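Visitor: Could you show me this protein and let me quiz you on the words people use for it?
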Amino acid sequence: MERWPWYLGCIVLTGCALGRVAPSAPPKGSQIVRGPMVVEADFQLKGDDPIIGQLTDLQSVVGTTLQLPVTSQPVIVHIFSSSDRFHQYLEHRFPGYPVRRAFFIKHQGRFEVCAQWGEHIVEDLRHEMTHACLHAAVGDPPLWLDEGLAEYFEIPPHTGGWHASHAELLGREYVAGRWRPHLPQLEALSSPADMTQLNYAEAWAWAYLLLNTTPARRELLVHHLNSLSQNAASQPLGELLYRNEVAPHDALIAMLSRESKMK
Ligand SMILES: [Zn+2]
């Protein structure tokens, strides 16, 4: 069955879902336009709200950090004032699908991010907007990389991409002997529904290793994304990494250990 390039709370919906999608009923309350990004909220959201600045800056940071080609892909961001309003919309658009706090949908050229206002709103919108940036520039990035980078950029900029809770989880599981980094295994995952919290954490760790350790690793990632954006055939990033290095999995563990002590 053809996979549709949608994300619903990081779950790819399958083709059989298409006929069940109801027309959009976006929030009506306020609309803020920032370039190709349109934010619609079902309450009075001011243009100078920090969340608007966060999203605008994020697009710039993601593009600059990953050296992504600039696109004018419109992205509609829907923000709901309550979980009830959000769930009503979700049920209207995607009846029967699991409830999520936020999601990114790409369908027929339309990019949409939806989230409910709450304590996780910044993290959720940053995560889903990172998906939108990647898909706009790269097309369909590998699942693990898509999620790893979304986890990397979802946290506030001052953290430098260090996701403390993921690092703690990986450290705990490593010490207990229940986890060892295995990028090829991660690359083999094709459905977000198969990704565990540990998979998300490991995907983030690889993204962190690639972006924050050596210029060669960062260049490898940038070059890989650039190849994908040009639809050029590219080997999996893991193969390229293992060709350049003897044991990047050991480097990943060393990075986690070193950085955890410094944070
Ligand atoms: Zn995601």
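Guide: Sure, here come a few questions about a strand and a pocket in what is a predicted model.

Visitor: What makes strand 2 mostly covered?

Guide: The cut-off for buried is under 20% relative accessible area. Five of the five residues in strand 2 (residues 37-41) are buried, so each of them falls under that cut-off.

Visitor: How do you know that both faces of strand 2 are covered?

Guide: In a regular strand, side chains alternate between the two faces of the sheet. Here Met37, Val39 and Ala41 sit on one side, with Val38 and Glu40 on the other, and all are buried.

Visitor: Why do you say that strand 1 and strand 2 pair?

Guide: Pairing takes at least two bridges. Strand 1 (residues 30-34) and strand 2 have five, in the antiparallel sense, so they count as a pair. One example is arginine 34, whose bridge partner in strand 2 is methionine 37. The hairpin has two residues between these strands, and glycine 35 takes a positive phi near 60° there.

Visitor: What makes strand 2 and strand 3 a pair?

Guide: Again the bar is at least two bridges, and strand 3 (residues 75-80) pairs with strand 2 over five, in the parallel sense. Alanine 41, for instance, has isoleucine 79 in strand 3 as its bridge partner. Strand 2, helix 1 and strand 3 also make a left-handed β-α-β unit.

Visitor: Which helix gives the most to the lining of the second largest pocket?

Guide: Helix 1, with five residues. The second largest pocket has a volume of about 330 Å³. Among the residues closest to its centre are Gln59 and Cys133.

Key:
Residues numbered from 1 in each chain as written. Predicted model: local features only at pLDDT ≥ 70, side-chain atom pairs only at ≥ 80, totals over all residues. Heavy atoms only, no water. 1 Å grid on protein atoms, 1.4 Å probe; cavity = no way out; pocket = protein on both sides within 12 Å on 5 of 7 lines; lining within 4 Å. Points joined across faces, edges and corners; volume = space filled by probe spheres on them. Helix = DSSP H or I, 4+ residues; strand = E, 2+ residues; numbered from the N terminus. Buried < 20%, exposed > 50% of the residue type's maximum accessible area, 1.4 Å probe, protein only. Right-handed = clockwise from strand over helix to strand, strands pointing away.
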